[in-house]
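Thanks for coming. I will go through one structure this morning, beginning with a single chain and ending with the strands of its partner. Please have the sequence and the model open.

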Amino acid sequence: MAMRAFDDCTVGQEFEFGRRGPVTTEMMARWAAGSGDFNPIHYDRTEALRQGLPDVIIAGPMKFAMMLDCLTDWAGGQQPIRKAKTRYQGMDVPGTVFTFHATVVSADRGATTGTINLDIRVVNQKGETTTVGEATLELPLRG
Amino acid sequence: MSEASLIPPHAAALVGTSTGRGAPKLVDRNTIGQFAAAIGSGNPGFTQSASVAAPLSYPIYNVPSGTDRDFDLQLPLTRRVRGGDDCEFIAPIQEGDTLTAETTLSEARHRKGSTGDLIITTFETRYYNQRGELVMIERPTGVWR
């Protein structure tokens, strides 16, 4: 996979950087077990419904991890992500397929690398943006 | 007239305090593989290299001591959801590293939302490797209803 370069990015550019899913309850159980986040809304459907939720809810940091993984893939396997943040504004349930979208909002060329800032939207298969975020990447210059 | 805060005095007194460094936790290949499976990642760097790299947000996933969970805020609202994450990735984390975490409660505030009372908590967790190098800073926001 070719490494993404700073010169490939322009301010205002919009792109899709990955898809992930459908998310299964098995994936959610693996996440809960590994993270130790045993908030029952992530694995106990009865409790989730009792709390007025539509189903068990995909943990926010699990969505964050998928976003970071897809963004790393988009960068071509290198690890250029210096900062990232998310705000979870909607709930996602098992069966969700996520599509990750970004817009380049700024680009600063340095002497040896360039830095880009992205606005990010995480969209489910219904077209709903359930997570928004930002990321800062440091990319190599071409040539 | 200002409204009474729902932040109990003992929780308010914890703002600005720290857990201290938690117990060291080894970054192992098996746990990295579990992380990759949980997020549906096919990245071979998590499973097939001679020394596998940890996924970027691995510390959030598997460093339980010295984290926000060590705070016993005893808030009057008990239904918690994650509001957001805010991370700085400072140095790579590899299989074989040993991480320790230290968390500070940055803020606990009460506000009225459209569906009723909310308490918003913000923590800052600093993760260090076995050489004492800061490798990641995480600032999670919690929303309590």
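To read the order of elements, you need one convention: helices and strands are DSSP runs, a helix having at least four residues and a strand at least two, and they are numbered from the N terminus. With that in hand, chain A reads β-α-α-α-β-β-β-β from the N terminus on. That comes to 3 helices and 5 strands. Before going further, note that this is a predicted model.

Now some overall figures for chain A. The C-alpha trace of chain A spans about 55 × 30 × 20 Å along its principal axes. Chain A has 143 residues, and 49% of them count as buried. As for contacts in chain A between residues at least 6 apart in sequence, 69% join residues at least 24 apart.

Next, the place where the two chains meet. How many residues does each chain bring to the contact? Chain A brings 30 residues and chain B brings 25 residues. The area buried between chain A and chain B is about 2400 Å², and carbon and sulfur atoms give 53% of that.

On the polar side, there are 13 residue pairs in polar contact across the interface of chain A and chain B, counting pairs with both residues at pLDDT 80 or more. Which elements of chain A give two or more residues to the side that touches chain B? They are helix H1 (25–35), H3 and strand S2 (81–88) of chain A. H3(A) has the largest share of that side, with 9 residues. Sorted by class, the side of chain A that touches chain B holds 12 nonpolar, 8 polar and 10 charged residues.

The interface of chain A and chain B also has 2 salt bridges. One of them, by its partners, runs between Lys85(A) and Asp86(B), with the closest N and O atoms 3.9 Å apart.

Let me stay with H3 of chain A for one residue. Asp69(A) sits in this helix, which covers residues 60–74. Is Asp69(A) buried or exposed? Asp69(A) counts as buried because its relative accessibility is 4%, and the cut-off for buried is under 20%. The side chain of Asp69(A) makes a polar contact of 3.1 Å with the side chain of Arg20(A). Setting aside neighbours within four places in sequence, Asp69(A) touches Arg20(A) and, from chain B, Ile39(B), Ser41(B), Asn43(B) and Phe46(B).

The two chains also pair through strands. S2(A) pairs with strand S2 of chain B, residues 80–89, in the antiparallel sense and over 5 bridges. In this region Lys83(A) stands opposite Glu88(B), a residue of S2(B).

Last, the strands within chain B. Strand S1, residues 25–26, runs antiparallel to strand S3, residues 98–113, and 2 bridges join these two strands of chain B. Lys25(B) has Leu99(B) as its bridge partner in S3(B). On to the next pair: S3(B) and strand S4 of chain B, residues 116–128, are antiparallel and share 13 bridges. Ala108(B), for example, has Thr121(B) in S4(B) as its bridge partner. What do S3(B) and S4(B) form? They form a hairpin, with 2 residues between the strands.

That is the end of my part.

Methods
Residues numbered from 1 in each chain as written. Chains lettered and ligands numbered in written order. Predicted model: local features only at pLDDT ≥ 70, side-chain atom pairs only at ≥ 80, totals over all residues. Heavy atoms only, no water. Buried < 20%, exposed > 50% of the residue type's maximum accessible area, 1.4 Å probe, protein only. Polar contact = N/O pair within 3.5 Å; in protein donor to acceptor, adjacent residues only side chain to side chain. Contact = heavy atoms within 4.5 Å. Buried area = accessible area lost by both parts, 1.4 Å probe. Salt bridge = Lys/Arg side-chain N within 4 Å of Asp/Glu carboxyl O. Nonpolar A, V, L, I, M, F, W, Y, C, P; charged D, E, K, R; others polar. Pairing = 2+ DSSP bridges.
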